[in-house]
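Colleague: Got a minute? I'd like to go through this one with you before I head back to the bench.

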Amino acid sequence: MSTVQSRPAAAGQWWRPRPAVRKTVTVVHVVASVALLGEVWGLVLLNLTAALTDDATLAHSAYRLMGVLVFGGGIPLSLTALVTGVALATGSAWGLARHYWVLAKLVLLIAVILAGMLLFTPGAMADATAGGAARPAGRQWEQVAVVSCQLAMLLTATALSVFKPRGRVGRRRARS
């Protein structure tokens, strides 16, 4: 039994999954995306706790917990959301780069992943606060800013999923 229907795919569409497969991939995508949003919200709260507390042990523990959340949740959830989102886009009439809102969601998710990879350093912050050492001046607020921007990008992607603003990529009207 094939997961692809026998009817032809639309122009530019690579594959057309059966409804049960499409719905399953959609559920996995939504669950991964919502869980990623919650994980990033948790990172915002932990970062704010670490930045605002006078208790060096609490700050160190918060930074250590952030590393666990990133590796246990953030990385697998963001990659799952990326893979399932690309699969859904290529297997539907929306297309991956056919509509602005789909392309914007892809760019936003890649930006969230890159920000996490390149700018978010909870391990370095945990090392810097080990043994009750003071937090590096201003660095904790950079970490708060990174995860806050990630949260804003994920909320924007969620809004794009709901509202689906009109507009197609590469579609220009010919002038008379």
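**Surface, fold and core**

Modeller: Sure. The accessible surface of the protein comes to about 10,400 Å², and carbon and sulfur atoms hold 67% of that. Keep in mind that this is a predicted model.

Colleague: Okay, what's the average pLDDT of the protein?

Modeller: The mean is 88, and 89% of the residues score at least 70.

Colleague: And which elements have the lowest and the highest mean pLDDT?

Modeller: The lowest is α4, with a mean of 88, while α1 has the highest at 96. As a general caution, where pLDDT is low, don't read the predicted coordinates in detail.

Colleague: Got it. How many helices and strands are there?

Modeller: Five helices and zero strands. Going along the sequence, you read α-α-α-α-α.

Colleague: How much of the contact count comes from residues 24 or more positions apart?

Modeller: Taking contacts with a separation of 6 or more, 69% are between residues 24 or more positions apart.

Colleague: What share of the residues counts as buried?

Modeller: 36% of the 176 residues.

Colleague: Now the largest nonpolar core. Which residues touch the most other members?

Modeller: That core has 32 residues, and the ones touching the most other members are L43, A50, Y63, M66, L109, F120 and L154. The elements giving two or more residues to this core are α1 (19-52), α2 (56-90), α3, α4 and α5 (139-163).

Colleague: Which one gives the most?

Modeller: That's α1, with eight residues.

Colleague: Let's pick A50. What is A50 in contact with, leaving aside neighbours within four places in sequence?

Modeller: A50 is in contact with A59, A62, Y63, M66 and R135. Y63 and M66 are also on that list of residues touching the most other core members.

Colleague: Switching to the outside: which residues make the nonpolar surface patch?

Modeller: I110, L114, M117, L118 and L119 make the patch, which covers about 510 Å².

Colleague: Where is L119 found?

Modeller: In the loop between α3 (100-118) and α4 (122-128).

Colleague: Last one, V30. Where is V30 found?

Modeller: V30 is in helix α1.

Colleague: Why do you call V30 partly exposed?

Modeller: Because its relative accessible area is 44%, and partly exposed runs between the 20% cut-off for buried and the 50% cut-off for exposed.

Colleague: And how far apart are V30 and T80?

Modeller: In sequence, V30 and T80 are 50 residues apart; in space, 10.0 Å from C-alpha to C-alpha.

Methods: Residues numbered from 1 in each chain as written. Predicted model: local features only at pLDDT ≥ 70, side-chain atom pairs only at ≥ 80, totals over all residues. Heavy atoms only, no water. Patch = residues over 30% accessible without salt bridge, like charges linked within 9 Å, V, L, I, M, F, W, Y side chains within 5 Å. Areas by Shrake-Rupley, 256 points an atom, 1.4 Å probe, with all protein chains shown as cover. Salt bridge = Lys/Arg side-chain N within 4 Å of Asp/Glu carboxyl O. Helix = DSSP H or I, 4+ residues; strand = E, 2+ residues; numbered from the N terminus. Core = buried A, V, L, I, M, F, W, Y, C linked by side-chain atoms within 4.5 Å. Buried < 20%, exposed > 50% of the residue type's maximum accessible area, 1.4 Å probe, protein only. Contact = heavy atoms within 4.5 Å. pLDDT = per-residue confidence, 0-100.
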